[in-house]
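Reader: I'd like to go through this model with you and ask what stands behind each label. Can we take it one term at a time?

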Amino acid sequence: MDERVGQYIYKVESFHLDCTERLSLTVLGNQLLNAAARHAESLGFGRETLRRQDLAWVFSRLLIQMDRYPLEFEEYTICTWVAGASRWFSDRRFAVLDASGCPIGYATSMWAMINLTTRQPVDILEAVPQYGNHVLTEGAPDCPVSRSGRAKVTADEPVRSFAPLFCDIDYNGHFNSIKYIEHLLNALPMELLRYRPVHRFEISYSAECRYGEPLAIYVSTANDEEYDMELRKADGTVASRAKVVLAIER
């Protein structure tokens, strides 16, 4: 396969399961990031390489859509590739395959590059001149998912408030991007998620959050299948927006 497509095999361990006895969405999210990091490093624009230039990749958006989640001890493969790049954003996509090579899910993501000192965006194509050579536009694996509309939250009162603590903070000293997902999912009823796994989770990140910073989660829904969510700071700033679509009841 084209080297611009990374393929990484993972195995579902017992501690990767949630209460549905399947791979948890947050562990899958971390494995998607792991695959992206490994692939970027192999092509010369990974975390350690960029850090020497005082640069880093940061998430802008992530969409995960799963038809099913792997079971305990099941092996699965994550394929990942860069599907597009501009000065300010990179479009990275994923396909999740079962042990027989059949797709069981997909993901799309948008990334920006920042200067670690100023925390400001930098021009990706200027910082990594060879980056465009690794964009795969023809012959890429299928990734038949697209963004939905922006989450619309009308709730006036939060369903949950918290502050990021030690285990929520990443190596850059900010609220870990997958921890956003964990806290948002924890704002929905366990009784619901146990029998209606998340079919589709879409999140956009708009503001960095820090250790001990007061945050609140707001949720709006018109039915029992789709939820619009916002994570807000104490001053009302929206740190992230998410859409959650649940699977048909099993």
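What follows is a run of questions about the labels, each answered from the values.

Author: Happy to, and one thing up front: this is a predicted model.

Reader: Let's start with helix α4. What makes it largely enclosed by the rest of the structure?

Author: The burial count. Helix α4 covers residues 177–185, and eight of its nine residues are buried, so the rest of the structure largely encloses it. The buried ones are S177, I178, K179, Y180, I181, H183, L184 and L185.

Reader: Take one of those, then. How do you know that Y180 counts as buried?

Author: Buried means under 20% relative accessible area. Y180 has 4% relative accessibility, so it counts as buried.

Reader: And what makes N176 a cap on the N-terminal end of α4?

Author: A side-chain oxygen of N176 lies 2.8 Å from the backbone nitrogen of I178. A polar contact asks for N or O atoms within 3.5 Å, and 2.8 Å meets that.

Reader: On to the rings. How many aromatic pairs turn up in the whole structure?

Author: Nine, from a search of the whole structure. In the pair F59 and W111, the ring centres are 4.4 Å apart and the planes sit at 40°, so this pair is tilted.

Reader: Why tilted, and not stacked or edge-to-face?

Author: Stacked needs planes under 30 degrees apart and edge-to-face needs over 60, with the rest called tilted. The F59 and W111 planes are at 40°, so tilted is the label that applies. F59 belongs to strand β2 (residues 55–66) and W111 to strand β5 (residues 103–115), so the pair ties together parts 52 residues apart in sequence. Both F59 and W111 are buried.

Reader: What about F175 and Y180: why is that pair called stacked?

Author: Their planes are at 25°, and their ring centres are 4.4 Å apart, so the pair is stacked. The cut-off for stacking is under 30 degrees. F175 is buried too, because its relative accessibility is 4%.

Reader: Which residues do ring pairs link into a cluster?

Author: F59, W111, F162, F175, Y180 and Y205.

Reader: How do you know that R47 lies over the face of Y171?

Author: R47 is 4.1 Å from the ring centre of Y171. The distance limit is 6 Å, and the charge must also be within 35 degrees of the ring normal. R232 likewise lies over the face of Y218, at 3.7 Å from the ring centre.

Reader: Now the largest pocket. What is its volume, and what lines it?

Author: The volume is about 1000 Å³. The lining has 39 residues, and W57, V58, F59, W111 and S177 lie nearest the centre. The elements giving two or more residues to that lining are α1 (25–43), β2, β4 (90–97), β5 and α4. Of these, α1 gives the most, with six residues. Sorted by class, the lining has 23 nonpolar, 11 polar and five charged residues.

Reader: And the second largest pocket: how much space lies there?

Author: About 410 Å³. Its lining has 20 residues, with D18, S24, L25, L185 and L193 closest to the centre. The elements giving two or more residues are α1, α4 and α5 (190–195). By class, the lining divides into 13 nonpolar, four polar and three charged residues.

Reader: Let's try D228. Why does it count as buried, and what does its side chain contact?

Author: D228 is in strand β9 (residues 226–233). Its relative accessibility is 10%, so it counts as buried. A polar atom of its side chain lies 2.8 Å from the backbone nitrogen of K152, and a polar contact of 3.0 Å joins the side chains of D228 and K243.

Reader: Last topic: what stands out about phi in E21 and F73?

Author: Phi of E21 is near 65°, a positive value in a residue other than glycine. F73 is not a glycine either, and has a positive phi of about 70°. E21 sits in the loop between β1 (5–11) and α1, while F73 is in the loop between β2 and β3.

Reader: Are those two buried, exposed or partly exposed?

Author: Exposed means over 50%. E21 has a relative accessible area of 58%, so it is exposed. F73, at 47% relative accessibility, counts as partly exposed.

Definitions and conventions
Residues numbered from 1 in each chain as written. Predicted model: local features only at pLDDT ≥ 70, side-chain atom pairs only at ≥ 80, totals over all residues. Heavy atoms only, no water. Buried < 20%, exposed > 50% of the residue type's maximum accessible area, 1.4 Å probe, protein only. Helix = DSSP H or I, 4+ residues; strand = E, 2+ residues; numbered from the N terminus. Polar contact = N/O pair within 3.5 Å; in protein donor to acceptor, adjacent residues only side chain to side chain. Phe/Tyr/Trp six-rings, centres within 6.5 Å; stacked < 30°, edge-to-face > 60°. 1 Å grid on protein atoms, 1.4 Å probe; cavity = no way out; pocket = protein on both sides within 12 Å on 5 of 7 lines; lining within 4 Å. Points joined across faces, edges and corners; volume = space filled by probe spheres on them. Nonpolar A, V, L, I, M, F, W, Y, C, P; charged D, E, K, R; others polar.
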